[in-house]
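Please open the model in your viewer and keep the selection tool at hand, since each stop on this tour begins with something to select.

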Amino acid sequence: MTQQESRTAYWQANLRLLTILLSIWFIVSFGFGILLSQPLNNFSIGGYPLGFWFAQQGSIYTFIALIFIYAWRMNVLDRKFDVHED
Amino acid sequence: MDLKTLSLLVVGATFVIYIAIAIWAKASSTSEFYVAGKGIPPVLNGMATAADWMSAASFISMAGLIAFLGFTGGAYLMGWTGGYVLMALLLAPYLRKFGKFTVPEFIGDRFYSTTARIVAVISLLVISITYVIGQMRGVGIAFSNILEVKLEVGLLTGMAVVFIYAVFGGMKGITYTQIAQYVIMIFAYTVPAVFISIQLTGVAFPQIGLGSTLAGTDTHLLQALDQTLMDLGFAAYTSVTGMTMTNMFLLTLALMIGTAGLPHVIIRFFTVPRVRDARKSAGWALVFIGILYTTAPAVGAMAMYNFINTVQPGEIGSPQGNVVIDERPDWMLRWERTGLLQFEDKNDDGRLQYYNDGNPEFAEMAREEYGWEGSEFNRIDRDIMVLANPQIAGLPNWVIALVAAGGIAAALSTAAGLLLAIASAISHDLLKGIFAPKISEKKELMAGRIAMGGAILLAGYLGLNPPGFAAQVVALAFGLAAASLFPALMMGIFMKKMNREGAIAGMLVGLGSTLLYIFLFKGWFFFPGTNVFPDTAEYWLFGINPTGFGVIGAILNFIVAFLVMQVTKAPPEHIQHLVEEVRVPRVGTNP
């Protein structure tokens, strides 16, 4: 693989990861927390109506997890494509 | 000791801590004068970022808004946290790699244009000043609370303190002060929440307590709240009320994109040692922010529950069901003095009624059956709810004093950061960078201080006559950031071919359209009484609330930039090369 190809591959892998994580970001907050919140309120989690829980609790926990998953996966990618620091 | 003395003591003690830390940090790190955060581990840097970020809007105002909005208040919760995902994934690592120090500098270099830099500076100023207005109001409310004076006097006191704090405490390694402020802030926020959660549900964690049953019964807190609100003619707490689903969607998105485009937060990620620290730092910041943000919904709901049960301790509609005015609790007396809580005994029964008299059916029924002549609270300022919350719940005085200190810490840490951003944009980016490159260091600093003073005066004046509650004013600032800076930054990284003309046109259209829309409803430059249309849903374009319009501005920004890019010259080779460099943490050696 030339350096150019390697870079392109790294960038493509990065974009794939972004697409997956941002889809989850969107589905959990805008999907479960807003658009689907009313039907989801028929279910409950820990005493909360489910849609309400996503809007005021669950989406925040998900966001935190997403950033750490991103940092972890990117570090793996950096090493795989030999562009890591140090 | 009375509450006033105690509050002054606690607030005074926290000030001593901040000043001591500022002096200590300054003495030990003169070499790192301008690079705050460098060499500080990501966890602590995340904590400082959280303090910098969480302002009076988060601390004082947000839970109060949620209390009165219910479910749709989630827009503020998701919006102000979800933006960190965008920042961590789309901006932070790349801007760190680029290695510049201010946002206008990045935009000026990436789009090889001084004009682009000036447009970015203007955007930064508009965003930061709007943001400071929200802070000044928060500071004013916190001071009027502990000094027991009118909001106007509290605000003037706050302006003076912010000025001294920003001028003397600023420019130094304020990171450690912010860590202390974070600790005080989070302690002040969670302690009363834990107390109240135990009182109401017997569960110590407010995050769990909000979903639990009321102590000693089988009824869930949220169900009880829903029921009580509906019995008083309001919509249920967990239903879509207060704003439409569309506006909730737009506001959430505007706050998210705006968060990612806020200059004083982005700067935080320029100064971490490595690209991978930038990724992780955003995560830690969100962990620390999340502690407050997952507590806030419980604070809001429980404050509402306690408030209603204070006003309506007995059966609804029964002549003895409401609180007797002469026996009203002390916290009401306190807040009446600030002018932020006002009532009037409309039906002369010597008792207070709080219900939804905007609901014609219910108001009619209440008049005939209960003899109620209208809801008797003429004013319950949303921004007092968090500060009044421990008083409503009858918590000990030291907790009330602690909350006041926490609110001031939140407002001060953010206001100082913003004022520094304003000062540096004027003195460094505009004067030194563009108009007067030969200016002496002394004059540059002087210009910065004058800019800071001017910003405080303007923000203070507008804080007295604000276009909304603290959190709403701040939401406008986010809309402006969403419409102007975020698209330019993102396209600068993700679209190699984005050129100078596209970026400038996009920023101008995004900022201009959002600002115009806000001014039409909130008054020109926020001056009260100068609005063209009343700020109500029937006048809004397609029913879009000005606080959520930033999303439309951002979309216009992207579209205009893309169209202009198609018909103008591609960026020079070296800029395209630069973008490729920014995308990798280190240039690889892989053959």
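## Where two chains touch

Begin by selecting chains A and B together: 44 residues of chain B are in contact with 41 residues of chain A, where contact asks that the C-beta atoms of two residues, placed from the backbone, lie within 7 Å. This is a predicted model, in which local features need pLDDT of at least 70 and side-chain atom pairs count only at pLDDT 80 or more, while totals for chains, interfaces and linings use all residues. Residues are numbered from 1 along each chain as its sequence is written, and chains are lettered from A and ligands numbered from 1 in the order in which they are written.

Next, select H13 of chain B, which gives the most to the side of chain B that touches chain A, with 12 residues; helices here are DSSP runs (H or I) of at least four residues, numbered from the N terminus.

Now add helix H3 (residues 50–80) of chain A, whose axis comes within 9 Å of that of helix H13 (residues 275–311) of chain B and crosses it at roughly 170°, the axes being lines fitted to C-alpha atoms over the stretch in contact and the angles running from 0 to 180 degrees between N-to-C directions. H3(A) is therefore roughly antiparallel to H13(B), a term for angles over 145 degrees. Among the residues that meet there are A:Phe63 and A:Tyr70 in H3(A), and B:Leu286 and B:Tyr293 in H13(B).

Finally, select helix H2 (residues 42–53) of chain B, which has 12 residues. Because 10 of these 12 residues are buried, H2(B) is largely enclosed by the rest of the structure, buried meaning that 20 or more other C-beta atoms, placed from the backbone, lie within 10 Å of a residue's own. B:Trp53 and B:Met47 are among the buried residues.

Technical notes. Helices (H or I, at least four residues) and strands (E, at least two) are DSSP runs, numbered from the N terminus. Angles under 35 degrees count as roughly parallel, over 145 as roughly antiparallel, 65 to 115 as roughly perpendicular and the rest as oblique. The expected span of a helix is 1.5 Å times one less than its number of residues.
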